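Okay, thanks for coming, everyone. I'll talk through one model today, so have a look at the screen while I go.

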Amino acid sequence: MGEALLSSKNQKILKDGFWDTNPITFQILGICSALAVTTQLKAAIVMSLGLTFVTAGSNVVISLIRNFIPPQIRIIVQLTVVSALVISIDQLLRAYMFDVSKQLSVFVGLIITNCIVMGRLEAFAMGNPPWKSFLDGLANGAGYSAILILIGIVREILGSGTLLGYHVIPASVYAQGYVNNGMMVLAPGAFFLLGIIVWIQRAISGYKES
Amino acid sequence: MNTSSTRYTFIFAIIVCVVSAVMLATFSEGLRTQKELNEELDVKRNILKAVVLKDPIAPKMKGPEVLKVYESKIEELVVDAQGNIVDGKTPKQLTEKNKDLFPLYIYKEDGQVMAYAFPIIGQGLWSTLYGYLAVESDATTIRGVTFYKHGETPGLGGEIEKEWFQKNFKGKTIYSVKEHKLTPTVVVKGKAADIVKGDALSYHVDGITAATLTGNGVTDMMARWVKVYDAYLSKVRKI
């Protein structure tokens, strides 16, 4: 130990998860939710927060018990920890933040099946100490969130003409014959956007398929 | 320590199960009262929303205030399948077993009936939809509708919880005085005005783009519950 909390190694963990090995654009994980919950920005933000919290939390728990987990059943143990964490959060929200819990509705449950959570547990938390695992979870959550929120903004503006529920495209534009892009509300719209984002991100980060 | 022996694996698995189970059970039980209070409050808030109060409550209004308004304006009744009021029963006492008893909520302002409200439940595309339908004191014109619980796709079927969709129902009629028949509201595919003409417009509403099946679900539940409650409503309808 004796390592600074944000040593250069740890900073690299943060940068990797957010940018160099971004879960969506680099690892191509968590695509399902990136398509499902980004028709509106609000849902995208809520899902981002939930996933970041769960990834960081379960990374810590698994990292703490990593040396005791029998290798044959490690995936099941990971899944149990993730599910227990997600259900606990859901219960807490229902009791103390009922409005938020109503908006989240099905999304909370969706977090359990998000590949990023399991991916980070298996790839990182099983072999690293808790603090590093926590940073890794946080960074990957943030990387996922950034993409989700970006897609959410574009889809909500083009698909519904609103942002966080407020109208941003003036009525006069509609009067000129402008119509909302119906495809943006559907999954294909997200696919196209995602493809463009992956392209741009990889062009900047200089990633090459091996 | 050999972490891959069968014995160790079994013990570990059991410990993980017990710990998670105890944790989840504690959470669920410990928060039960609070969750139930929230749900009850949500139901009352939605009944108040469906009947469209003379002085609407603010969306952010706190629990105790909502309960106070509810207590003073809403009368809770239970009706049977023949439309008779069942004395001495309240909606709270109804259980799954009471298949032929239905809760009914009457909104009164200074002792005068303003609206009748009742729950509507049905299947959407992915999930069960829960809502309330309120009709004016003429027992014919829709005063308001809410959908407060569902698991439909946000932005698509999930739009049923939005103001724009719900306000389309206002002013539609569930009974045709001219033809003496029930006209439960139908959610069309597209714009109602493009699809039906004339009198039929009084019971057709705009659909949601890319959510036809959720719309069909709403149509089905309207048909079902309007028929059930007509047993009572036909008795109070003044024609």
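So, before I start counting: I call two residues in contact if their C-beta atoms, placed from the backbone, lie within 7 Å. And keep in mind that this is a predicted model.

Right, the contact between the chains. Chain B puts in 23 residues, and chain A puts in 23 residues. On the chain B side, α1 (6-30) and α2 (32-50) each supply at least two residues. Which helix gives the most there? That's α1(B), with ten residues. As for the chemistry, the side of chain B that touches chain A has eleven nonpolar residues, ten polar and two charged.

Now, how confident is the predictor about chain A? The mean pLDDT of chain A is 86, with 96% of its residues at 70 or more. Within chain A, helix α5 (residues 98-104) comes out lowest, at a mean of 73, while helix α8 (residues 130-160) is highest, at 92.

Last stop, helix α6 of chain B, residues 212-236. It's 25 residues, and from first C-alpha to last it reaches 34 Å, close to the 36 Å expected at 1.5 Å a residue. Where's the kink? It's centred on D230(B), and it's about 55 degrees.

Plenty of α6(B) residues are on the buried list, among them G217(B), V218(B), M221(B), M222(B), W225(B) and Y229(B). If you're wondering about that spacing, an α-helix has 3.6 residues a turn, so residues three or four places apart point the same way. And what covers the buried residues of α6(B)? The cover includes strands β1 (74-80), β2 (101-109), β3 (112-123) and β4 (128-136) of chain B, along with β7 (181-182) and β8 (186-187).

Technical notes. Residues are numbered from 1 along each chain as its sequence is written. Chains are lettered from A and ligands numbered from 1 in the order in which they are written. This is a predicted model: local features need pLDDT of at least 70, side-chain atom pairs count only at pLDDT 80 or more; totals for chains, interfaces and linings use all residues. Helices (H or I, at least four residues) and strands (E, at least two) are DSSP runs, numbered from the N terminus. Ala, Val, Leu, Ile, Met, Phe, Trp, Tyr, Cys and Pro count as nonpolar, Asp, Glu, Lys and Arg as charged, and the others, Gly among them, as polar. pLDDT is the predictor's confidence in each residue, from 0 to 100. The expected span of a helix is 1.5 Å times one less than its number of residues. The bend at a residue is the angle between axes fitted to the seven residues ending there and the seven starting there. A residue is buried if 20 or more other C-beta atoms lie within 10 Å of its own, exposed if 12 or fewer, and partly exposed in between; C-beta atoms are placed from the backbone.
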